Amino acid sequence: MAYWLFKSEPNTWGWDQQVARGDVGEEWDGVRNYQARNNMRAMKVGDRGFFYHSLKEKSIVGVIEVIRAAHPDSTTDDPRWECVDIKAVKPVVTPVTLAMCKEHPDLENMALVKSSRLSVQPVTDDEWAIVCGLAGIDP
(Lines give C-alpha, C1' and ligand atoms only; values in the text may rest on other atoms or scores of the structure.)
Protein backbone atom coordinates (compact mmCIF):
# COMPACT_ATOMS: atom_id res chain seq x y z
CA MET A 1 0.00 0.00 0.00
CA ALA A 2 1.18 3.50 -0.81
CA TYR A 3 0.26 6.72 0.98
CA TRP A 4 -0.68 10.12 -0.40
CA LEU A 5 -1.90 13.58 0.56
CA PHE A 6 -4.81 15.29 -1.21
CA LYS A 7 -5.13 19.06 -0.81
CA SER A 8 -8.40 20.91 -1.18
CA GLU A 9 -9.69 24.35 -0.41
CA PRO A 10 -12.43 23.67 2.15
CA ASN A 11 -14.74 26.27 0.61
CA THR A 12 -14.48 24.40 -2.73
CA TRP A 13 -14.54 20.78 -1.50
CA GLY A 14 -14.15 20.07 2.20
CA TRP A 15 -13.90 17.08 4.48
CA ASP A 16 -17.59 17.23 5.42
CA GLN A 17 -18.57 17.05 1.75
CA GLN A 18 -16.23 14.10 1.24
CA VAL A 19 -17.74 12.29 4.23
CA ALA A 20 -21.26 12.98 2.92
CA ARG A 21 -20.43 11.06 -0.29
CA GLY A 22 -20.12 7.87 1.79
CA ASP A 23 -18.86 4.69 0.13
CA VAL A 24 -19.75 6.08 -3.31
CA GLY A 25 -16.83 8.47 -2.90
CA GLU A 26 -15.93 11.29 -5.22
CA GLU A 27 -13.81 11.82 -8.31
CA TRP A 28 -10.73 13.89 -7.43
CA ASP A 29 -11.17 15.98 -10.56
CA GLY A 30 -9.91 19.30 -11.82
CA VAL A 31 -6.20 18.66 -11.22
CA ARG A 32 -4.19 20.40 -13.94
CA ASN A 33 -0.64 19.78 -12.80
CA TYR A 34 1.42 17.05 -14.47
CA GLN A 35 3.23 15.95 -11.31
CA ALA A 36 -0.04 15.68 -9.36
CA ARG A 37 -1.63 13.80 -12.28
CA ASN A 38 1.33 11.41 -12.40
CA ASN A 39 0.96 10.80 -8.67
CA MET A 40 -2.66 9.80 -9.26
CA ARG A 41 -1.61 7.53 -12.12
CA ALA A 42 0.67 5.72 -9.65
CA MET A 43 -2.15 5.09 -7.17
CA LYS A 44 -3.77 1.71 -6.65
CA VAL A 45 -7.20 0.88 -5.26
CA GLY A 46 -6.81 0.54 -1.49
CA ASP A 47 -4.04 3.14 -1.14
CA ARG A 48 -4.66 5.56 1.72
CA GLY A 49 -4.19 9.29 1.91
CA PHE A 50 -4.54 12.31 4.12
CA PHE A 51 -7.25 14.86 3.33
CA TYR A 52 -5.70 18.31 3.76
CA HIS A 53 -7.57 21.60 4.04
CA SER A 54 -5.48 24.31 2.40
CA LEU A 55 -5.74 28.11 2.60
CA LYS A 56 -6.46 29.35 6.13
CA GLU A 57 -6.67 25.99 7.93
CA LYS A 58 -3.56 24.36 6.44
CA SER A 59 -4.19 21.08 8.25
CA ILE A 60 -4.73 17.37 7.75
CA VAL A 61 -8.30 16.66 8.82
CA GLY A 62 -9.03 13.12 7.69
CA VAL A 63 -7.99 9.86 6.04
CA ILE A 64 -9.24 8.76 2.63
CA GLU A 65 -8.97 5.61 0.53
CA VAL A 66 -8.51 5.32 -3.23
CA ILE A 67 -11.56 3.41 -4.53
CA ARG A 68 -10.99 3.72 -8.29
CA ALA A 69 -7.67 3.84 -10.12
CA ALA A 70 -6.73 6.62 -12.54
CA HIS A 71 -9.28 7.26 -15.30
CA PRO A 72 -10.19 10.18 -17.57
CA ASP A 73 -11.20 13.31 -15.65
CA SER A 74 -14.90 13.93 -16.35
CA THR A 75 -14.47 17.71 -16.10
CA THR A 76 -12.52 17.96 -19.36
CA ASP A 77 -12.37 16.50 -22.86
CA ASP A 78 -8.58 16.81 -22.80
CA PRO A 79 -7.19 13.24 -22.63
CA ARG A 80 -4.05 14.37 -20.78
CA TRP A 81 -5.95 14.77 -17.51
CA GLU A 82 -6.84 11.84 -15.31
CA CYS A 83 -8.01 11.43 -11.75
CA VAL A 84 -8.84 8.83 -9.11
CA ASP A 85 -11.93 8.35 -6.96
CA ILE A 86 -11.62 8.52 -3.18
CA LYS A 87 -13.83 7.92 -0.16
CA ALA A 88 -13.56 9.17 3.40
CA VAL A 89 -12.34 6.59 5.91
CA LYS A 90 -12.13 8.50 9.19
CA PRO A 91 -11.49 11.94 10.61
CA VAL A 92 -8.36 12.66 12.60
CA VAL A 93 -8.68 13.18 16.36
CA THR A 94 -6.32 16.15 16.27
CA PRO A 95 -5.83 18.14 13.05
CA VAL A 96 -2.16 18.17 12.01
CA THR A 97 -1.18 21.62 10.80
CA LEU A 98 1.46 22.54 8.26
CA ALA A 99 3.28 24.33 11.08
CA MET A 100 3.38 21.11 13.12
CA CYS A 101 4.86 19.25 10.15
CA LYS A 102 7.48 21.96 9.61
CA GLU A 103 8.46 21.82 13.29
CA HIS A 104 8.82 18.03 13.43
CA PRO A 105 12.46 17.07 12.66
CA ASP A 106 11.47 13.76 10.99
CA LEU A 107 9.10 15.50 8.57
CA GLU A 108 11.55 18.03 7.15
CA ASN A 109 11.66 16.20 3.79
CA MET A 110 7.91 15.59 3.55
CA ALA A 111 6.47 16.84 0.26
CA LEU A 112 3.98 18.96 2.21
CA VAL A 113 6.90 20.81 3.77
CA LYS A 114 9.11 20.93 0.66
CA SER A 115 6.47 21.38 -2.09
CA SER A 116 3.47 22.71 -0.24
CA ARG A 117 1.75 23.92 -3.43
CA LEU A 118 1.47 20.46 -5.06
CA SER A 119 -2.16 19.33 -4.77
CA VAL A 120 -1.57 15.55 -4.77
CA GLN A 121 1.59 14.39 -3.04
CA PRO A 122 3.28 11.14 -2.02
CA VAL A 123 3.73 10.38 1.68
CA THR A 124 6.39 7.89 2.84
CA ASP A 125 5.63 5.04 5.23
CA ASP A 126 7.57 6.80 8.02
CA GLU A 127 5.81 10.12 7.39
CA TRP A 128 2.45 8.33 7.44
CA ALA A 129 3.21 6.77 10.83
CA ILE A 130 4.45 10.05 12.34
CA VAL A 131 1.49 12.12 11.10
CA CYS A 132 -0.97 9.45 12.27
CA GLY A 133 0.65 9.65 15.70
CA LEU A 134 0.34 13.44 15.75
CA ALA A 135 -3.29 13.10 14.57
CA GLY A 136 -4.17 10.63 17.32
CA ILE A 137 -5.13 7.81 14.95
CA ASP A 138 -3.83 4.31 14.26
CA PRO A 139 -1.54 4.09 11.25
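Modeller: Let's begin with rings: those of Phe, Tyr and Trp (its six-membered ring) pair if their centres lie within 6.5 Å, and planes under 30 degrees apart count as stacked, over 60 as edge-to-face and the rest as tilted. This is a predicted model, in which local features need pLDDT of at least 70 and side-chain atom pairs count only at pLDDT 80 or more, while totals for chains, interfaces and linings use all residues. Residues are numbered from 1 along each chain as its sequence is written, and side-chain values use heavy atoms, with hydrogens and water left out.

Biologist: Thanks! How many aromatic pairs does that rule give here?

Modeller: The count comes to six aromatic pairs. One of them joins W28 and F51 edge-to-face, with 5.7 Å from centre to centre and 85° between the planes.

Biologist: And where do W28 and F51 sit in the chain?

Modeller: For that we need the elements: helices (H or I, at least four residues) and strands (E, at least two) are DSSP runs, numbered from the N terminus. W28 is in the loop between β2 (26–27) and α2, and F51 is in strand β3, so this pair links distant parts of the chain, 23 residues apart.

Biologist: Is W28 buried or exposed?

Modeller: Buried means under 20% relative accessible area, exposed over 50%, and partly exposed in between (1.4 Å probe, protein chains only). W28 has 7% and is buried, and F51, at 0%, counts as buried too.

Biologist: What does a stacked pair look like in this model?

Modeller: Look at F50 and W128, which are stacked with 4.0 Å between centres and 20° between planes. F50 lies in strand β3 and W128 in helix α5 (residues 125–135), so the pair ties together parts 78 residues apart in sequence. F50 is buried at 0% relative accessible area, and W128 is buried at 3%. Elsewhere, ring pairs link F6, W15, W28 and F51 into a cluster.

Biologist: Now helices. Which residues of α2 are buried?

Modeller: A general idea helps: an α-helix has 3.6 residues a turn, so residues three or four places apart point the same way. In α2 (34–41), the buried residues are A36, R37, N39 and M40. They cover an arc of only 155° around the axis, which puts them on the same side of α2; the arc is that of the directions from the helix axis to the C-beta atoms.

Biologist: What covers the buried residues of α2?

Modeller: Here contact means heavy atoms within 4.5 Å. The cover includes β1 (3–8), β4 (59–72), β5 (82–97) and β6 (120–123). For α5, the buried residues are E127, W128, I130, V131, C132 and A135, and their cover includes β1, β3, β4, β5 and β6.

Biologist: What should I look for at the helix ends?

Modeller: At the N-terminal end of α2, N33 acts as a cap, with a side-chain oxygen 2.9 Å from the backbone nitrogen of Q35. This is a polar contact (a pair of N or O atoms within 3.5 Å; within protein, one must be able to donate a hydrogen and the other to accept it, and residues adjacent in sequence count only if both atoms are side-chain atoms). Just after α5, G136 takes a positive phi of about 75°.

Biologist: How many salt bridges are there?

Modeller: Side chains of opposite charge can pair when their charged atoms come close. The rule asks for a side-chain nitrogen of Lys or Arg within 4 Å of a carboxyl oxygen of Asp or Glu, and it gives six salt bridges. Among them, D73 pairs with R32, the closest N and O atoms being 3.0 Å apart. D73 lies in the loop between β4 and β5 and R32 in the loop between β2 and α2, so the pair ties together parts 41 residues apart in sequence. D73 is buried at 2% relative accessibility, whereas R32 is partly exposed at 38%.

Biologist: What about D47, which is buried yet has no salt bridge?

Modeller: D47 is in the loop between α2 and β3 (48–53). Its nearest side chain of opposite charge, K44, is 6.7 Å away; Lys and Arg count as positive and Asp and Glu as negative, while His and the chain ends are not counted. The side chain of D47 does reach the backbone nitrogen of K44, at 3.0 Å. Not counting residues up to four places away in sequence, D47 touches M1, A2, W4, I64, E65 and V66.
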